[in-house]
Amino acid sequence: MIPDKKLEEILIDLGLPVDYGEKRQLPRYEECSILIKIGMNPYNQAVYLRPEVAEVWETMRKAAEKSHIILLPLSGFRSIHMQADIIRSKQKAGRTLDDIMRSNAPPGYSQHHTGCAIDIVTPDVLVPEEVFDTTPAFLWLKTHAHTFGFVMSYPKNNREGFIYEPWHWFYQLETEMSEHS
């Protein structure tokens, strides 16, 4: 896990107070250190997940394929530094920090750090946009993903205050499932 002091420096550098995550009641996530490549996203970038999640992802992907549903990985593991870089690039593009924080977790608070979160797209919808929820892939996920241990983290009006993200799915490890039950 990245030391608290270093995380505080990153948050301050982004213009966020060091207690931003706590004030929003966001859970803190540790970075996964053991990852495997699950493939390439539609933009030819490698996507990584923790090994046990990669195995379940592949099982789920193949099950969807049997129903003629194509699930494509867009994004998996992201380090704290990658999360900070995403926010910086959006700031450089002129977006306000408040706007960015509605769709991006601050570094240290992203489920992507765990290697258990995956952003999913389809050949028809290759970008993470709300329209994903109109696809057969979303309907399939909504009906079947829970049987594989995946949950949609950010439904409409979620308690974390993030925008609706029908493309973002989180695999709950058995230990996390029992802790949150």
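How far is the sulfur of cysteine 32 from the closest cysteine sulfur? In this predicted model, the gap is 6.9 Å, and the partner at that distance is cysteine 116, which is too far for a bond. Looking from the other end gives the matching picture: the sulfur of cysteine 116 has cysteine 32 as its closest cysteine sulfur, at 6.9 Å, again too far for a bond. For a disulfide to be counted, the two sulfur atoms would have to lie within 2.5 Å. The structure holds zero disulfides. As for their surroundings, cysteine 32 is buried, with a relative accessible area of 11%, and cysteine 116 is buried too, at 0%.

Next comes the sheet. Four strands make up an open sheet, lined up in the order S3-S4-S6-S5, and the pairing is antiparallel. Strand S3 (72–75) and S5 sit at the edges with a single partner strand each, so one side of each has no neighbour in the sheet. On average, neighbouring strands are turned by 50 degrees against each other, ignoring direction. What holds such strands together in general? Strands of a sheet pair through backbone hydrogen bonds, either parallel or antiparallel. Here, S5 and S6 pair in the antiparallel sense over four bridges. Methionine 152 stands opposite tryptophan 169, which belongs to S6.

Two helices lie across this sheet. H3 crosses S3, S4, S5 and S6, and runs at about 100 degrees to S5. H6 crosses S4, S5 and S6, running at about 35 degrees to S6.

H3 is a good place to check helix geometry. At 1.5 Å a residue, its 16 residues should span 22 Å, and the end C-alpha atoms are 23 Å apart, which agrees. Which residues of H3 are buried? They are Val53, Ala54, Val56, Trp57, Met60, Arg61 and Ala64. These residues cover an arc of only 165 degrees around the axis, which puts them on the same side of H3. The general reason for such patterns is simple: an α-helix has 3.6 residues a turn, so residues three or four places apart point the same way. On the face of H3 turned away from the buried side sit the exposed residues Glu55 and Lys66. After H3 comes histidine 68, with a positive phi near 65 degrees.

H6 (residues 136–144) has a buried side as well, made up of Ala137, Phe138, Trp140 and Leu141. Their arc around the axis is only 160 degrees, which places them on the same side of H6. That buried set packs against helix H3 (51–66) and against strands S4 (117–121), S5 (150–154) and S6 (165–171). Turned the other way, the opposite face of H6 carries Pro136, Leu139 and Lys142, which are exposed.

Finally, there is helix H4 (residues 80–92). Its 13 residues should span 18 Å at 1.5 Å a residue, and its end C-alpha atoms are indeed 18 Å apart, which agrees. Ile80, Gln83, Ala84 and Ile87 are the buried residues in H4. Seen down the axis, they fall within an arc of 100 degrees, so they line one face of the helix. What covers these buried residues? The cover includes helix H1 (4–14) and helix H5 (97–103). H4 is followed by glycine 94, whose phi is positive, near 100 degrees.

Technical notes: Residues are numbered from 1 along each chain as its sequence is written. This is a predicted model: local features need pLDDT of at least 70, side-chain atom pairs count only at pLDDT 80 or more; totals for chains, interfaces and linings use all residues. Side-chain values use heavy atoms; hydrogens and water are left out. Buried means under 20% relative accessible area, exposed over 50%, partly exposed in between (1.4 Å probe, protein chains only). The arc is that of the directions from the helix axis to the C-beta atoms. Contact means heavy atoms within 4.5 Å. Two strands pair if DSSP finds at least two bridges between them. Axes are lines fitted to C-alpha atoms, for helices over the stretch in contact, and angles run from 0 to 180 degrees between N-to-C directions. The expected span of a helix is 1.5 Å times one less than its number of residues.
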